[in-house]
Amino acid sequence: MPTYDVAIIGGGIVGLATAYRLTEQYPDAAVTVLEKEDRVGAHQTSHNSGVIHSGIFYEPGSLKAENCRTGKRALVEFCEREDVDYEMCGKVIVAADESEVPELERIEAKGRQNQVDCTRIGPERLHELEPHVQGVAGLHVPAAGIVDYEAAAEALAGRVEDRGHPIRTGAAVRDLHVTPNHVTVDTTAGAVQARHAVNCAGLYADRIAEMSGQDLNTKIVPFRGEYYELVPERRSLCEHLVYPVPDPAFPFLGVHFTPTVDGRVECGPTAVLAFAREGYGLTDIDWGELLEILTYPGVQKLSARHWQKGLRELLQSMSKRVYLRAARQLIPEVQLDDFTKPWAGVRAQALRRDGTLVDDFLIRETDRVVNVINAASPAATSALNIGSLIVENHLRDRLADLQVSTGALGEG
């Protein structure tokens with residue numbers, strides 16, 4: 001049985017960034033990454049809008065706010081070194097009418113507390129930045145951008161392997177066996193033994209955490225987000241990231257327009273309950289997982305509280321015309337025929353039994369396992385700093401017998 005100092009479960013960008021930081025800080029450590037798919041970054045990493053978030057939306061002092069700010073810088077530096085496509089195109093957050101201005105002001109205040117460069121703008125400046133966008137006010141956020149997260153994940157994996165640490169694909173975790181001295185990870189590709197494990201399993205992070213003996217009051221609930229792409233001749237409808245003022249009672253940012261690094265423009269996402277943890281389509285159903293979701297008290301309480309919003313999101317998912325109405329709140333001239341090639345991602349959102357959403361990153365640990373239970377957006381932007389956080393705050397004492405590479409985490 002292969003034996004390691006640390007086994008990282010999950011080859012998404014957070015797991016890979018953790019492996020990258022760990023092998024940078026502890027070059028003598030034996031590390032492996034276990035990924036159930038046949039490639040890294042197969043789920044949330046490669047099924048998102050590709051946005052480099054600025055940190056403007058997050059509560060000051062939260063892990064999201066702190067890690068997004070520093071993680072963004074680290075991500076840009078990494079992309080520069082590794083020749084990963086990115087662009088700091090900037091963002092405008094748009095108040096469609098006067099009723100949204102107070103929330104826009106609250107977002108501006110959060111941004112300033114989070115040290116995000118943002119400028120309040122009126123309709124004239126908004127029209128200069130985005131001639132096709134309609135609104136009564138806005139925030140211009142230059143320090144937001146777009147990136148190829150799948151390429152970034154592949155580059156991280158390449159550097160980890162270059163340092164001599166294997167990434168084992170096709171290794172779905174079936175069980176964990178924890179003893180006082182080590183953890184055995186039983187996978188479909190064989191068992192692996194390690195002194196410690198880090199659970200970065202995304203959509204299945206709660207199940208792995210329970211295997212580790214973690215006492216959880218949360219469950220991962222999958223939310224499907226559908227995107228449309230603008231036809232090539234209509235890509236000029238926006239130049240920046242264009243966001244609405246989000247509903248403060250809902251954890252999703254609403255339908256927005258996003259340029260991509262390969263020249264496309266996407267619109268989305270919706271946010272509807274998925275019928276499987278990896279349910280990318282409306283007809284993708286895992287009956288066992290669906291029953292688990294629907295009988296969870298947290299889902300029932302959340303649904304009772306937000307049924308109107310949930311119904312609206314479901315209608316947007318099922319009807320292109322309803323989706324169009326949401327998009328026209330930002331760009332009134334967009335037409336039904338401007339949308340093509342729908343695709344979807346699934347967000348792993350931790351939900352408590354009382355029906356409240358876990359709004360921040362959530363990391364818990366047992367004697368042998370560090371569990372990254374909630375790592376929703378902006379986890380991809382923040383990944384390199386989340387990796388540093390895990391190494392410094394959760395693994396350092398565990399690996400005290402290993403030599404540390406002085407200053408490694410300061411190299412970006």
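A hairpin joins strand β19 to strand β20 through three residues. The model described here is predicted. The points below start from this hairpin and its neighbours, then turn to a three-stranded sheet, the salt bridges and the surface. A search of the whole structure finds 27 salt bridges, and three of them are described here one by one.

**Strand β20 and its partners**

- Strand β19 covers residues 362-365, and its pairing with β20 is antiparallel, with four bridges.
- Within this pairing, E365 has V370 of β20 as its bridge partner.
- Strand β12, residues 190-199, also pairs with β20, but here the sense is parallel and there are three bridges.
- On this side, A197 has V369 of β20 as its bridge partner.
- How many of the six residues of strand β20 are buried? Six of the six are, so β20, which spans residues 369-374, is largely enclosed by the rest of the structure.
- As a general point on strands, side chains in a regular strand alternate between the two faces of the sheet.

**An open sheet of three strands**

- Three strands form an open sheet in the order β3-β8-β4, and their pairing is antiparallel.
- Strands β3 (51-52) and β4 are at the edges and have a single partner strand each, so one side of each has no neighbour in the sheet.
- Strand β8, residues 145-147, is joined to β3 by two bridges, and the two strands run antiparallel.
- One contact in this pairing is given by I52, whose bridge partner in β8 is G145.

**Salt bridges between distant parts of the chain**

- As background, side chains of opposite charge can pair when their charged atoms come close.
- R39 and E150 form a salt bridge in which the closest N and O atoms are 2.9 Å apart.
- This pair links distant parts of the chain, as R39 is in the loop between β2 (31-34) and β3, while E150 is in helix α5 (residues 149-162), 111 residues apart.
- R39 counts as partly exposed because its relative accessibility is 35%, and E150 counts as partly exposed because its value is 29%.
- K219 and E292 form another salt bridge, with 3.1 Å between the closest N and O atoms.
- K219 is in strand β13 (residues 218-230) and E292 is in helix α7 (residues 287-294), so this pair ties together parts 73 residues apart in sequence.
- Is K219 buried or exposed? K219 counts as buried, because its relative accessibility is 13%.
- Its partner E292 counts as partly exposed, with a relative accessibility of 22%.
- E229 and R264 form a salt bridge as well, and their closest N and O atoms are 3.3 Å apart.
- This pair also links distant parts of the chain, with E229 in strand β13 and R264 in the loop between β15 (256-259) and β16 (265-268), 35 residues apart.
- E229 is buried, because its relative accessible area is 7%, whereas R264 is partly exposed at 23%.

**A network of salt bridges**

- Which residues are linked with K219 and E292 in a network of salt bridges? They are D206, R207 and R277.
- The K219 and E292 pair described above therefore belongs to a wider set, and E292 itself is partly exposed at 22% relative accessibility.

**Surface patches**

- E77, E80, D83 and D85 form a negative patch on the surface.
- Of these residues, D83 is in the loop between α2 (63-82) and β4 (86-87).
- D83 counts as exposed because its relative accessibility is 68%, and the cut-off for exposed is over 50%.
- A nonpolar surface patch is made up of L282, W307, L311, L314, L315 and M318, which together have about 570 Å² of accessible area.
- M318 is in helix α9, residues 307-318.
- M318 counts as exposed, because its relative accessibility is 55%.

**A304 and G355**

- A304 is in helix α8, residues 297-305.
- A304 is exposed, because its relative accessible area is 58%.
- From C-alpha to C-alpha, A304 and G355 are 9.2 Å apart in space, and they are 51 residues apart in sequence.

Conventions:
Residues numbered from 1 in each chain as written. Predicted model: local features only at pLDDT ≥ 70, side-chain atom pairs only at ≥ 80, totals over all residues. Heavy atoms only, no water. Patch = residues over 30% accessible without salt bridge, like charges linked within 9 Å, V, L, I, M, F, W, Y side chains within 5 Å. Areas by Shrake-Rupley, 256 points an atom, 1.4 Å probe, with all protein chains shown as cover. Salt bridge = Lys/Arg side-chain N within 4 Å of Asp/Glu carboxyl O. Lys, Arg positive; Asp, Glu negative; His and termini not counted. Charge placed at Lys NZ, Arg CZ, Asp CG, Glu CD. Buried < 20%, exposed > 50% of the residue type's maximum accessible area, 1.4 Å probe, protein only. Pairing = 2+ DSSP bridges.
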